[in-house]
Amino acid sequence: MFSNKVVLITGASSGIGAATAVRFASESAKLALTGRNLENLQVTAQKCQEKNNLKPLIIKANLDLDGDVKYIIDITIKTYERLDVLINNAGIFFVSNPEDANMEVYDKIFSTNVRSIYLLTSLAIPYLTQSKGVVVNVSSLAGLRPFSQFIPYSMSKAALDHFTRCLALHLAPKQVRVNSINPGLVPTDIFRRAGIPDADVELIFEKSKESHLLGRAGTVEETAEVILFLASEKSSFVTGETLIMDGGCHLNTTAL
Ligand SMILES: NC(=O)c1ccc[n+]([C@@H]2O[C@H](COP(=O)([O-])OP(=O)(O)OC[C@H]3O[C@@H](n4cnc5c(N)ncnc54)[C@H](OP(=O)(O)O)[C@@H]3O)[C@@H](O)[C@H]2O)c1
């Protein structure tokens, strides 16, 4: 479905981004994979190559640095001479509340989850316009529903969702589609990286059996499948959408 299409995936070194890379590889996409952890990127790239025998472009870059963001686009275009799909997946999570007044955490979350996506997408627009391409933003249920334990994270995802809607409006005349996926809980490293103790992470996922009406959390593979759908011609008339993928959690009145 994606042969000869160039797909750039941020956060491809872990979790949802890594699974998405492998899924696109199985559709013969030409991949540009970014992250900070080179070793993990190489593991993802190897799995991709096993799917389609195409060697992905690996880009070690920190999205919090504008120069690195620019480098991601420059090296992708230098290598493939086009860009068809941009998947803004990289993101960070922290538990933080207004009482903390922790502006360091606030700035970090907004730098990675909002600012870097704005810059990377801006730099990608000329190439996406040429290819009549697609943007898929990996947001969260937290962008659409209020959660009281991680307010800056939720705010960042709400900002991302509004970026999706505004950019869809802005780029529709150029035939570029822009959508978000809004997952519920998916087991990845994101919670451990946020400094949440393993026992608490276990508890969160135990609770998800009730909060997610289908009785479980999602998987990275299920998430990758929806991302693939939003990037593909199968969703050719969908733009500006925030697609919830949460096993019905948004229908539940109990907290996560
Ligand atoms: N897991 C969930 O339950 C869940 C639910 C809803 C939404 N999401 C969203 O899904 C996306 C992927 O998260 P995940 O769960 O797969 O988390 P993850 O396993 O922790 O992966 C996060 C990825 O983002 C990259 N990243 C983070 N900060 C970066 C930076 N400054 N520069 C470059 N890369 C950076 C990481 O790269 P390195 O490892 O190389 O540093 C890693 O590849 C995030 O946007 C998250 O908000 C996750």
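Q: A polar contact is a pair of N or O atoms within 3.5 Å. A polar backbone atom of which residue is 2.7 Å from an oxygen atom of the ligand?
A: Asn37 supplies that backbone atom. Side chains take part too. Tyr153 places a polar side-chain atom 2.7 Å from a ligand oxygen. For Lys157, the side-chain distance to a ligand oxygen is 2.9 Å. Overall, the protein covers 97% of the 900 Å² of accessible area that the ligand has on its own (Shrake-Rupley method, 1.4 Å probe).

A note on reading this: the model is predicted, local features need pLDDT of at least 70, side-chain atom pairs need 80 or more, and totals for chains, interfaces and linings use all residues. Residues are numbered from 1 along each chain, and side-chain values use heavy atoms, without hydrogens or water.

Q: How many residues surround the ligand?
A: Count residues with a heavy atom within 4 Å of the ligand. Here there are 31. The closest are Ser13, Ser14, Asn37, Tyr153 and Thr188. By type, the shell has 12 nonpolar, 14 polar (Gly counts here) and five charged residues (Asp, Glu, Lys and Arg count as charged).

Q: Which helix gives the largest share of the shell?
A: A helix is a DSSP run of H or I, at least four residues; a strand is a run of E, at least two. Helix 6 gives the largest share, three residues. Helix 1, helix 5 (151–171) and helix 6 (190–193) each supply at least two.

Q: Which residues of helix 8 are buried?
A: Buried means under 20% relative accessible area. In helix 8 (residues 220–231), the buried residues include Val220, Ile227 and Leu230. Their cover includes helix 1 (15–25) and strand 6 (177–183).

Terms used:
Expected span 1.5 Å × (residues − 1). Buried < 20%, exposed > 50% of the residue type's maximum accessible area, 1.4 Å probe, protein only. Contact = heavy atoms within 4.5 Å. Polar contact = N/O pair within 3.5 Å; in protein donor to acceptor, adjacent residues only side chain to side chain.
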